[in-house]
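Good morning, everyone, and thank you for making the time. I would like to walk you through one structure, going from a single residue out to the helices around it, so please keep the picture in view as I talk.

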Amino acid sequence: MTYDVQTIRAHFPALDGGAAHFDGPGGSQVPDVVGDAVAGTLCAAIANRGVVTAAERRASAVVAEARHAVADLLAADPAGVVFGRSMTQLTYDFSRTLAQKWGPGDEVVVTRLDHDANIRPWVQAAAAAGATVRWADFDSATGELAPLGGLLSDRTRLVAVTAASNLLGTRPDIPAIAAEVHAAGALLYVDGVHLTPHAFVEITALGADFYACSPYKFLGPHLGVVAAAPALLETLHPDKLLPSTNAVPERFELGTLPYELLAGTTAAIDFLAGLVPGTGSRRSRLRASMAELEAHENALLARLDGGLAALPGVTRYGAPGRHRTPTVLFSVDGVASQAVYEHLGAHGVNAPAGSFYALECSRHLGLGDAGAVRAGIAPYTTEDDVDRLLAGVASLPRG
């Protein structure tokens, strides 16, 4: 294994503050090269995209480079990469656009495992179109999604499902789900926000018609992405300004793009590709780096899982030991999760508490809207960070 976490950590100025960051599922810390790319683009001569002036050409290049970087990250077509303010905003935009073709009798499937950003836009769009929403549950003991077969019919128009639960880390079998969905003649919208930072992604192999993710979860700036086949995007006609282009993917991007954030996204993907030494294309380097990252994170996950299991009164949710992202949701008997969060924070360990917008998931687990404590492992997490979290939980004052 060539993964050198200390070398990687040296690129994260935020870590100089001394905190152990387990808050990555809500937004990762950012390496210096990303900050440099953002600042450099903001301070450079730049204008609306074009080909006449150097400033116009620079803007065009920044956008093209970001589309190609995301395409390398996801094995997507650069011409099908859409940028927006956030995954939530983009999903609302796509839900409204797709719902233009829905009506009474049509059906949409959502799951209780998902973040609300991949639930509510579809529920609301279905309601506006008069379509029916069907809900897929999950096993609260294992965190595993129930089979969708009985929910699908020739009236199903779209299924929205997460590639990894941001609350439990559960990774549904997306290729199997995609096969069922496509057999029913429906589209599959996959929320890859929580999977993308932790795994090598290939959206064609997953079978996703739409794949959404957020660069700020994988070391980049605050931005949202949806990738889809350009031919599919050509069939969709979102509301847009009259003078704005009708070309794909630009027809889905409302207003001027944030060039500095796109430059930061490219830098973040390049950084991921360089987590371990290597040569070859950016895609091949991403494959090698993400494999090493997954091994690093899984080792720390096992350490964290085992340590929490050894502590009295700690309940872990989902199914520890199953294939999942390096995310642990837990509570402590007799101590409010908010109090656990505050106690850890006072000891320099950032592991927040809540439902983290996975409201349906939290309620289905019996945790209500308050949720529990979530600890997420990131590329810069160390064994010492894990041990600090475990020591913090062990030192909780009990009533």
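Before I name any neighbours, let me say that contact here means heavy atoms within 4.5 Å. Please also keep in mind that what you see is a predicted model.

With that in hand, let us begin at Trp122, which lies in helix α5, residues 120-129. Is Trp122 buried or exposed? Its relative accessible area is 0%, and since buried means under 20%, Trp122 is therefore buried. If we leave aside its neighbours within four places in sequence, Trp122 is in contact with Thr91, Phe94, Ser95, Leu98, Trp102, Val108, Val110, Leu158, Ala160 and Tyr189. For a sense of distance, the C-alpha atom of Trp122 is separated by 9.2 Å from that of Val159, a residue 37 places away along the chain.

Some of those neighbours take us to helix α4, residues 87-98, whose axis comes within 9 Å of the axis of α5 and crosses it at roughly 25 degrees. With that angle, α4 is roughly parallel to α5, and the crossing in which α4 passes α5 is right-handed. On the α4 side we find Thr91, Tyr92, Phe94, Ser95 and Leu98, and these meet Arg120, Pro121, Trp122, Gln124 and Ala125 of α5. Sorted by class, the residues of this contact are six nonpolar, three polar and one charged.

Let me turn to a second pair, helix α2, residues 32-43, and helix α9, residues 259-273, whose axes come within 8 Å and cross at roughly 155 degrees. How do α2 and α9 run relative to each other? Because angles over 145 degrees count as roughly antiparallel, that is the description for α2 and α9. Here too the record of the geometry is a right-handed crossing, with α2 passing α9. From α2, the residues Val33, Val34, Ala37, Val38, Thr41 and Leu42 meet Tyr259, Glu260, Ala263, Gly264, Ala267, Ala268 and Phe271 of α9, and by class this contact has ten nonpolar, two polar and one charged residues.

The third pair is helix α3, residues 54-74, with helix α10, residues 282-309, where the axes come within 8 Å and cross at roughly 45 degrees. That angle makes α3 oblique to α10. The residues that make the contact are Glu65, His68, Ala69, Asp72, Leu73 and Leu74 from α3, together with Arg282, Arg283 and Leu286 from α10; four of them are nonpolar, one is polar and four are charged.

From this pair we can step to a loop residue, Val201, found between β6 (187-191) and α7 (203-206). Val201 is buried, at a relative accessible area of 3%, and its contacts, beyond neighbours within four places in sequence, include Leu73, Leu74 and Arg283.

Another loop residue is Ser214, placed between β7 (210-213) and β8 (224-228). Ser214 also counts as buried, at 3% relative accessibility, and, setting aside neighbours within four places in sequence, Ser214 is in contact with Met87, Val193 and Leu223.

Finally, a word on annotation: an unreviewed UniProt entry carries the annotation "domain: Aminotransferase class V" over residues 22-389. In the model, that span is 38% helix and 14% strand, and its end C-alpha atoms lie 9 Å apart.

Notes. Residues are numbered from 1 along each chain as its sequence is written. This is a predicted model: local features need pLDDT of at least 70, side-chain atom pairs count only at pLDDT 80 or more; totals for chains, interfaces and linings use all residues. Side-chain values use heavy atoms; hydrogens and water are left out. Axes are lines fitted to C-alpha atoms, for helices over the stretch in contact, and angles run from 0 to 180 degrees between N-to-C directions. Helices (H or I, at least four residues) and strands (E, at least two) are DSSP runs, numbered from the N terminus. Angles under 35 degrees count as roughly parallel, over 145 as roughly antiparallel, 65 to 115 as roughly perpendicular and the rest as oblique. A crossing is left-handed if the near helix is turned anticlockwise from the far one by less than a right angle, and right-handed if clockwise. Ala, Val, Leu, Ile, Met, Phe, Trp, Tyr, Cys and Pro count as nonpolar, Asp, Glu, Lys and Arg as charged, and the others, Gly among them, as polar. UniProt positions are given in the numbering used here, feature names are shortened, and annotations may be inferred rather than shown by experiment. Buried means under 20% relative accessible area, exposed over 50%, partly exposed in between (1.4 Å probe, protein chains only).
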